[in-house]
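Colleague: I would like a close look at a single part of this model, with the reasoning spelled out and then set against the rest of the chain. Please take the salt bridges as the part to examine, and go on from there to whatever helps to place them.

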Amino acid sequence: QNGEEDLQGIREELGAVYSDILRLFRAADYLTAIEINKQQLEGIKTHLGTRDSLYGSSTNSLAVLYRRAGYYDKALPYYHKAITHARENFGIEHPEYGNRVNNLAEFHRVRADYHKALPLFYEALANAKANYGRESRQYALILSNIGRTLTQIGRPEESLELFQEAHAYFSNQEPREHQIYIAVLSNLASSFRTLGRLDEAYNYYLEAAAVSEEFQGREHASYARRIGNLGLFYLETGQLDKALESLELATEITANTMGTSHRSYGARLNNLASIYSRMGDNDKALQYYYEAANIYRLNSGKSHPVYAVALDNLAGVYLIQGDLERARSYYEQAREITASTEGIDHPTYALRLANIGELYLKKGDLHQARELLNQSLTISVLERGFLRLPELKSSQAIMIWPSRRFSKQIPYLKTN
């Protein structure tokens, strides 16, 4: 009996670590959370064994943390371990199995592997329906996940229906989960924006910001995200003064809540740089892009996907300025990082090739430009099965269609 009590005490102690992990997760301190989670997982393995339910939960949380930190190659094995654990210990009809399948689907969505994400989301949705019913929190959450995926693959009409169903659930929920409700409002706004229904999009962006301000306060990371979304909406619709005002506020709040060395602050600087680039102030844009790149480098290292994005942004400004050699250097560095982290058949790698192709087009090297742009389009079509017109650069449209490789009509989905 004493042995059982000792084991229960160990179990409770190890389980209590989740509160620390959750606190760090909410603060977006993923690297510290990962280290604590790894220690917890090792303790569970040593004292309780790999069949214990805590082992599956700890494995699942470690996968999510690695994903949120952007370490996708480390996240994926833990997602599979968590699913295997649930399948072997609970069975595929158990809700925990469905939850972990949903998490793996979200991993693939974030990595733009949509053809892998959607089947898993629908499997998780069926599991949620069987266990909780259509009028349930989990069902509505997975609807939102599917909606985001459909938006990203150019099916905004379908995604809007799912977002509206999720909104109907969470708007009537008592007590309301404000963080989730805010995310649902943001999803609706994004969907309406994609459809070109800008007035409706704007209203939902405003409502998301207002709800966040009321229930979370202005000095909150979530409020900074909502104001940032508004700023990006203003940027996209050409309202540059309002965009700058909103994104400066979001940057200030993020600095106060997360600190100026945090990745989220780097993201805010990146958005500010985009505005200055649109305004034609390339020196200011470069300043913020370099600051953002340095933050990403210090937080994640020089071989991380987010650092590749920063280099790609820098290259884009140098391309505008006509400094083609410096642009080529940064584009190539970004391409090499993406090749090693995402693979050469990933849509992001296709975008890297397209950027370099556009550079060669500016240089007047039409042969090299055609080769790179053809490679980019090949990956896009084979990986996704369609094209979204906003992702097709004008240079690709000019260079691709006359080429022999794409002499046949290629299906695409048009989005606004």
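Modeller: Let me begin with glutamate 325 and arginine 328, which form a salt bridge whose closest N and O atoms are 3.4 Å apart. This is a predicted model, and the distances and accessibilities that follow are computed from it. Both residues belong to helix 16 (residues 324–341), where they stand three residues apart, about one turn of the helix. Glutamate 325 counts as partly exposed, at 44% relative accessibility, and arginine 328 counts as partly exposed as well, at 28%. Salt bridges that share partners also join Glu106, Arg109 and Arg148 into one network. Over the whole structure, the search finds 18 salt bridges. Side chains of opposite charge can pair when their charged atoms come close.

A second pair lies in helix 5 (residues 95–110), where glutamate 96 and arginine 100 are four residues apart and therefore separated by about one helical turn. Their side chains meet in a salt bridge at 3.0 Å, N to O. The two partners differ in their cover: glutamate 96 is partly exposed, with a relative accessible area of 24%, whereas arginine 100 is buried, with a relative accessible area of 1%. The cut-off matters for this reading, because a residue is called buried under 20% relative accessible area, and glutamate 96 is partly exposed at 24%.

In a third pair, aspartate 113 forms a salt bridge with arginine 111, and the closest N and O atoms are 2.8 Å apart. Here both partners fall on the buried side of the cut-off, aspartate 113 at 4% relative accessibility and arginine 111 at 13%.

The aromatic side chains give another view of how the helices are joined. The search of the whole structure finds 13 aromatic pairs. One of them is formed by tyrosine 72 and phenylalanine 107, an edge-to-face pair with 6.1 Å centre to centre and 70° between the planes. Tyrosine 72 lies in helix 4 (residues 72–89) and phenylalanine 107 in helix 5, so this pair ties together parts that are 35 residues apart in sequence. Tyrosine 72 is buried, with a relative accessible area of 16%, and phenylalanine 107 counts as buried at 1% relative accessibility.

Another aromatic pair, that of tyrosine 202 and tyrosine 234, is tilted, with 5.9 Å centre to centre and 55° between the planes. This pair links distant parts of the chain, with tyrosine 202 in helix 10 and tyrosine 234 in helix 11 (residues 221–236), 32 residues apart. Tyrosine 202 counts as partly exposed at 26% relative accessibility, while tyrosine 234 counts as buried at 7%. Both tyrosines belong to one aromatic cluster, which is formed by Tyr202, Tyr205, Phe233 and Tyr234.

Helix 10 also leads to helix 8, since the buried residues of helix 8 pack against helix 7 (137–152), helix 9 (178–194) and helix 10 (198–216). Helix 8 itself (residues 156–171) has 16 residues and reaches 21 Å from its first C-alpha to its last, close to the 22 Å expected at 1.5 Å a residue. Its buried residues are Pro156, Ser159, Leu160, Leu162, Phe163, Ala166, His167, Phe170 and Ser171. Seen down the axis of helix 8, these buried residues fall within an arc of 165°, so they line one face of the helix. The face turned away from that buried side carries the exposed residues Glu157 and Glu161.

The values for the protein chain as a whole give the setting for these details. The protein chain has 19 helices and zero strands, and buried residues make up 50% of its 416 residues. Among contacts between residues at least 6 apart in sequence, 60% join residues at least 24 apart. The accessible surface of the protein chain comes to about 19700 Å², of which 48% belongs to carbon and sulfur atoms.

How values were computed: Residues numbered from 1 in each chain as written. Predicted model: local features only at pLDDT ≥ 70, side-chain atom pairs only at ≥ 80, totals over all residues. Heavy atoms only, no water. Helix = DSSP H or I, 4+ residues; strand = E, 2+ residues; numbered from the N terminus. Expected span 1.5 Å × (residues − 1). Buried < 20%, exposed > 50% of the residue type's maximum accessible area, 1.4 Å probe, protein only. Arc of directions from axis to C-beta. Contact = heavy atoms within 4.5 Å. Salt bridge = Lys/Arg side-chain N within 4 Å of Asp/Glu carboxyl O. Areas by Shrake-Rupley, 256 points an atom, 1.4 Å probe, with all protein chains shown as cover. Phe/Tyr/Trp six-rings, centres within 6.5 Å; stacked < 30°, edge-to-face > 60°.
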